[in-house]
Amino acid sequence: MNAGLTLATAARVLRQVRSDPRTIALILIVPCVLLGLLAWIYESTPVFDGIGPALLGVFPMIVMFIVTSVATLRERQSGTLERLLTTPMGKGDFMIGYAVAFGVLAVVQALVATGFAVWVCGLEVAGPVWLLIVVAVFNALLGTALGLLASGFARTEFQAVQFMPAFILPQFLLCGLLVARDAMPEVLRWVSDVLPLSYAVDAMKQIAVSADPSAAVAGDLGIVTSFVVLSLALASLTLSRRSP
Amino acid sequence: MMNNFEGPAISINGLQVSRGGRSVIPDLSLTVASGQVVGLLGPSGSGKSTLIRSIVGVQMISAGTITVLGHPAGSPALRSEVGYVTQSPSVYGDLTVRENIAYFARAVGLRGATLADAVERTLAEVDLTSQAAQLVGSLSGGQGSRVSLAAALVGRPTLLMLDEPTVGLDPVLRRDLWNLFGHLAAAGHSLVVSSHVMDEAARCDRLVLLREGEVLADVTPAELLAQTGAADADAAFLTLIDAETSTSQRGTAGHDRHDGHGGHEGREAS
């Protein structure tokens, strides 16, 4: 690992994103549109205050998962990854570089989406609003790490995109957003215990209901961070310097 | 950088490579001296790219040893010493020409003013200075390959492995690039350039002719012409291939056949 090489990669990825303004617009606007729709559907009920924060955590994960898995698949197919791995660039520099770049993008996305939810849609949470943004950024990093891992198993861009429902939707169903995790059948609750999104959504729910959720949120983010590290470690196994 | 490396740039012993269950290189041994431009010639499917990938260290090999600049192929010590240009351009289409070259320069450790100078020098070498601010995706195919070549040239590696770098380039640019390759070799760099354009063979210090993963000849351009009695590299190559084909057919089918090219001397080279 080398900070110079990692930052060079992060800067390169951000320059690539910059040349695609439509993707930037989709990343920033789509979550706001969906949050707006949700607030409108549940107008004059307290439901939006309950699930709005959780969705603020789910969007960055989904978006970064798709963007990362397609971007790294392209690197594998175009030969740029193979070429980079013949230089002093390490696998860690490559992966952390991606995580840093999409982390920066996630901060912007979280600021826009949270600002829209709070000031336009009237989302009210018991805890501090800035903590919503922190959790959203962690979720984006989780999406990036899972996307790097998934791209190792995709041979085509069609497969990469299909990995989104395969990797993310089961987590979405079991994360406690639709049915509280305590109320699930026992086996499903065990499964949800080992899925990272459960902890991310739990952190957001804590912020929604508790005036001082820092301790609970820190515990959840610790677990999310462990999943990020584990995914990156597994993903590095899929980046081999030699191919058959 | 370790320019003017003493010893051979590459020495390969008993290399065997299979891809997709098929033996691409059955048993290859080869030594490439330092400070030379070596042309790797052969028909498509002869194993040129696989050999280059093996030397760079991105190809899994079944047997044999490859020593590059005194280190095993692909070892970390070689990562800033060996530059690799793949056959299809491997650069980022959504970055500008300059951004691409600068990124690959950073990857080999260049920084600050050294980096800026190296990028401008390389832009001039591949004649893309006026396109420097354009996105690579908007360039022509030949311009794209030049960006890919520039990304390897910018770090001035001791050994440059170039897989068909001049495909689709106009004659003027091809001449300029071959002049550059000659200058680099004179400065102590080693270059291996694969090509199927035979008129480029004359620009090499040495020629390695590959056929079905075997070294058919390892000679100087003058020796190639003298051995085959051909007028140019194209004819010489055909003579060698025909001679080899008739030999192997005799060997397998016991069927004696006249090849009509009088190229039997070529067998001595293989």
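For my notes, a polar contact is a pair of N or O atoms within 3.5 Å, where within protein one must be able to donate a hydrogen and the other to accept it. I need that for the domain boundary below, and I keep in mind that this is a predicted model.

**Entry 1: the two domains of chain B**

I looked up the split first: domain 1 of chain B is 1–81 + 158–255, and domain 2 is 91–156. Their centres, taken over C-alpha atoms, are 26 Å apart. How many residues are in contact across this boundary? I get 14 residues from domain 1 of chain B and 12 from domain 2 of chain B. Between them the domains bury about 1000 Å², with 76% of that on carbon and sulfur atoms. L173(B), L177(B) and L180(B) supply 34% of the area that domain 1 of chain B buries here, more than any other three residues.

Then I checked for polar links. I found zero salt bridges between the two domains, and zero residue pairs in polar contact with both at pLDDT 80 or more. On the domain 1 side, β7 (159–163) and α5 (171–186) of chain B each supply at least two of the touching residues. α5(B) gives the most, with four residues. I sorted that side of domain 1 by type: 10 nonpolar, four polar and no charged.

**Entry 2: chain B against chain A**

Next I turned to the chain interface, where 31 residues of chain B are in contact with 26 residues of chain A. The buried area is about 2600 Å², and carbon and sulfur atoms give 53% of it. R79(B), Y92(B) and Y103(B) supply 25% of what chain B buries against chain A, more than any other three residues.

Here the rule does find salt bridges, three of them. One that I looked up joins the side chains of E99(B) and R15(A), at 3.7 Å, N to O. I also count 17 residue pairs in polar contact across this interface, both at pLDDT 80 or more. Which element gives the most to the side of chain B that touches chain A? It is α2(B), with five residues. That side of chain B divides into 17 nonpolar, seven polar and seven charged residues.

**Entry 3: helix α2(B)**

So I went back to α2(B), residues 97–107. Nine of its 11 residues are buried, so the helix is largely enclosed by the rest of the structure. Among the buried ones are E99(B) and Y103(B). The cover comes from both chains, including α1 (3–18) and α4 (80–84) of chain A, plus α3 (112–125) and α4 (141–153) of chain B. Just after the helix, G109(B) takes a positive phi of about 100°.

Methods: Residues numbered from 1 in each chain as written. Chains lettered and ligands numbered in written order. Predicted model: local features only at pLDDT ≥ 70, side-chain atom pairs only at ≥ 80, totals over all residues. Heavy atoms only, no water. Buried < 20%, exposed > 50% of the residue type's maximum accessible area, 1.4 Å probe, protein only. Contact = heavy atoms within 4.5 Å. Domains from an automatic or database assignment. Buried area = accessible area lost by both parts, 1.4 Å probe. Salt bridge = Lys/Arg side-chain N within 4 Å of Asp/Glu carboxyl O. Polar contact = N/O pair within 3.5 Å; in protein donor to acceptor, adjacent residues only side chain to side chain. Nonpolar A, V, L, I, M, F, W, Y, C, P; charged D, E, K, R; others polar.
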